[in-house]
Amino acid sequence: MINNFKNSKINVDALFLGPKSENAVFFKEMMEYSVSEHMHWRSSYHPEDPDLISTVDRYAPEYRDTLYRTEGILNQLSSKLKTTSVPWFSPRYMGHMNADTLMISNLAYVMAMMYNPNNCAQESSPTTTVLEIEAGLDLCAMFGYDVQHAWGHITSGGTVANYEGLWVARNIKTLPLAIMQHPKSQYLLKDKTEKELLNLSVSAVLDLIDELKKQQIFEEIRYLTCRGVGIEQGKLGKLLVPQSKHYSWMKAMDILGLGQQNIVQLPVDASYRTDVRKMRETVFTLIEQGEPILAVVAVVGTTETGAIDNVREVIELRRECEQRFGVSFYVHIDAAYAGYACAMFRDEENQFMEYENLLQCYHSEGLFPENMVWPKRDVYESFKALSQADSITVDPHKVGFIPYAAGAICMKDKRIVDLVSYHAAYVFEEVQEKQRKTEKTQNVLLGSSIMEGSKAGATAAAVWAAHRLVPLNVLGYGKVIAAGVITANWMIDKINQCEPFIIEERQFSIIAMPTPDFHMINFMFREIGNTSLEKQNQLNKRLYELCSYAAGRSYSNDFLTSSTSLTYEEYGDNPLNLCRDAQFSDSEWHKVRSIYVLRAAVMTHCLRDRAHFETYWAELKNIFEDKLQQLINEENKLNHSNYKINI
Ligand SMILES: *Cc1c(COP(=O)(O)O)cnc(C)c1O
């Protein structure tokens, strides 16, 4: 599988249909190929079978009418789609984690979709179940997991992947308690206090599973974990997540019956990453209080600022807790956004490169211009430490450039699946054994080991095919992702150097937040002379509306972005730095405690050429000027009508 990754020459522009459908001829040819192959497949199936629909049948009035109506509805749909869809393919769109999707994935999706495989069970998806397992292992390999022992699969998105991470963390936490409930297994953990039982390390618990299986009592005991008997309120301890978390973690605690009140939110530091010092303090305080820690979550690429948590510190903290206090916990990484960037650190042999070699390689292979250094050292260390986490969420439908719905979860030790699966525990093992012997999987029931049931095999085909064409290494995905990182960096430079816009004698400057860990940029406009943060927020909120589908026209809009509020609740007083950069007084921040910013995940591959970027920026400046003018016109109109009312 990994050998397939050896393909050093990728042309990034040849991977996408392109903003002007530059690859239209090829794309159409391949689409046509998919369709004709499929039709051939149908007609060649038992050619001796009689025709069930005759030519005469097809000339019947209702028959023709049905076809006409089919066409009519498709016309309607197409017209709806063309009027109100978001033009993600264009660099004029810089907002959510969306860009053009890979041609290979779109084609593979359509091709597989026509066969309608259901990856719930291999019986309904003999081809695509295997592809899903391969694609999952591709991601495991990228994260540095040992593919002989790891396991990964596709989910509908990062949300469900997070649920699944918490699901296994929850079930594993209760296994030692279950073991103590069964007379035949108590001996395994005798003399342990409940506190000790709730603080065993993940690998220690997984070794116990092996023991229970040998005695053939695993399934009985599995039923005595929370999956069979439920959870006593608050017993499993706290889930530690950064304040910058995605809200799927709140939903996860709700759905899994763990209770949102058992979330401990870790504050972030000035760079919007989890504050490592405070994380340590929190963990030590919980240990002192005898409170178990269900799991610690680190975010690799936060949804709002793209910050990359210090994963290495989390892993080291766990080691320290094990050594000093005999306390351990599950570690999950939410890398829904930036997970695919791990490809940027791997060479063609799938080795994680040394930092110095990496920077050299980026320049010699032309991934980054000479004067650009990415990543920061601590970001590098975070990606390196991913291989130590118990599970990782990653979204192919974000930075994997794959169409929806494609999330994924990778687990370091596949034995963990037995805690959530709904088939006899040995089946999975047996299948894996068979797979090793015959290189063939049979009767894999994904649906019984994962959160979802029926699901599109087409998604698996899309992810699998993308990984075959674009290797998960520096010269594959690395090149594609670097294009966005370059553009994000240039955008920030331009914003910082931009002269104020002067419109009807009012002046507006533009301010960017400091260089991000990945390719999410946050910026805002600022009217010079205004001292009210409230007014400032209104200005940017209105600008967002003018630059989004809220303006009522996505297709004819000149620039589309997204936005967010950096609030005290989520980020403490850290946004104060941004307020100060924008020259608002501290008291304004303490009064409003929220700052509205425009937010853009810069994912486009089209602007990595400096000349293209310069043209783009010049045009963008004009667009910004237009938007500001529009805003002032609105204000003038409003003032005018207020004036009339006052009279
Ligand atoms: C996008 C995102 C999610 C949720 O993923 P979906 O694919 O939208 O379900 C979770 N966590 C983070 C950090 C994200 O950026």
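**Stop 1: the cavities**

Four cavities of 30 Å³ or more turn up in this structure, which is a predicted model. Start with the largest cavity, which holds about 90 Å³ of space. To find it in your viewer, select Ile172, Lys173, Leu200, Val202 and Val205: among the 14 residues that line this cavity, these five are the closest to its centre.

Now colour two helices. Helix 6, residues 158-181, and helix 8, residues 202-214, each supply at least two residues of the lining of the largest cavity. Which helix gives the most to that lining? Helix 6 does, with three residues. If you colour the lining by class, you will have ten nonpolar residues, three polar ones and one charged one.

**Stop 2: the big nonpolar core**

Keep helix 6 on screen and move on to the nonpolar cores. The largest nonpolar core has 174 residues, and Phe383 and Tyr477 are the ones with the most contacts inside it. Helix 6 appears again here, since the largest share of this core, twelve residues, comes from that helix. Apart from this core lies another one, of 18 residues, including Ile511, Tyr571, Phe584 and Trp589.

Next, centre the view on Tyr477. Leaving aside neighbours within four places in sequence, which residues is Tyr477 in contact with? The list includes Leu102, Tyr340 and Ala343, then the run Val399, Gly400, Phe401 and Ile402, and also Ala466, His467, Val470, Pro471 and Leu472. Remember Val399, which you will meet again.

**Stop 3: Lys398**

Select Lys398. An unreviewed UniProt entry carries the annotation "modified residue: N6-(pyridoxal phosphate)lysine" for Lys398. Where along the chain is Lys398? Lys398 sits in the loop between strand 6, residues 391-394, and strand 7, residues 407-411.

Is Lys398 buried or exposed? Its relative accessible area is 16%, and buried means under 20%, so Lys398 counts as buried. Show its surroundings too: not counting residues up to four places away in sequence, Lys398 touches Met97, Ala336, Tyr337 and Met603.

Stay in the loop between strand 6 and strand 7 and select Ala405, which lies there as well. The peptide bond from Tyr404 to Ala405 is cis, with omega near -5°.

**Stop 4: Phe518 and a second cis bond**

Colour residues 497-628 next. The unreviewed UniProt entry lists this stretch as "domain: L-tyrosine decarboxylase C-terminal". The chain over residues 497-628 is 39% helix and 24% strand, and its end C-alpha atoms are 18 Å apart.

Now pick Phe518, in the loop between strand 9 (506-512) and strand 10 (520-527). Phe518 counts as buried because its relative accessibility is 1%. Try drawing a distance from Phe518 to Ala601: these residues are 83 residues apart along the chain, and their C-alpha atoms are separated by 8.9 Å.

Which residues is Phe518 in contact with, leaving aside its neighbours within four places in sequence? They are Gly306, Ile308, Tyr337, Ala338, Ala341, Trp374, Val399, Ile481 and Val485. Two of these names are familiar from earlier stops: Tyr337 is also touched by Lys398, and Val399 is also in contact with Tyr477.

From Phe518, step across to its contact Trp374. A cis peptide bond joins Trp374 and Pro375, with omega about 0°. Pro375 belongs to the loop between helix 14 (355-364) and helix 15 (377-385).

**Stop 5: three more loop residues**

Select Asp275, in the loop between strand 3 (263-266) and helix 12 (276-288). With a relative accessibility of 11%, Asp275 counts as buried. Beyond its neighbours within four places in sequence, Asp275 is in contact with Pro267, Val268 and Asp269.

Finish with two residues that have positive phi. His46, in the loop between helix 1 (24-43) and helix 2 (55-58), has a phi near 45°, a positive value in a residue other than glycine. His46 is partly exposed, with a relative accessible area of 39%.

Glu504 is not a glycine either, and its phi is about 50°. You will find Glu504 in the loop between strand 8 (501-503) and strand 9. How much relative accessible area does Glu504 have? The value is 46%, so Glu504 counts as partly exposed.

Key:
Residues numbered from 1 in each chain as written. Predicted model: local features only at pLDDT ≥ 70, side-chain atom pairs only at ≥ 80, totals over all residues. Heavy atoms only, no water. 1 Å grid on protein atoms, 1.4 Å probe; cavity = no way out; pocket = protein on both sides within 12 Å on 5 of 7 lines; lining within 4 Å. Points joined across faces, edges and corners; volume = space filled by probe spheres on them. Helix = DSSP H or I, 4+ residues; strand = E, 2+ residues; numbered from the N terminus. Nonpolar A, V, L, I, M, F, W, Y, C, P; charged D, E, K, R; others polar. UniProt positions renumbered as here; feature names shortened; annotations may be inferred. Buried < 20%, exposed > 50% of the residue type's maximum accessible area, 1.4 Å probe, protein only. Contact = heavy atoms within 4.5 Å. Core = buried A, V, L, I, M, F, W, Y, C linked by side-chain atoms within 4.5 Å.
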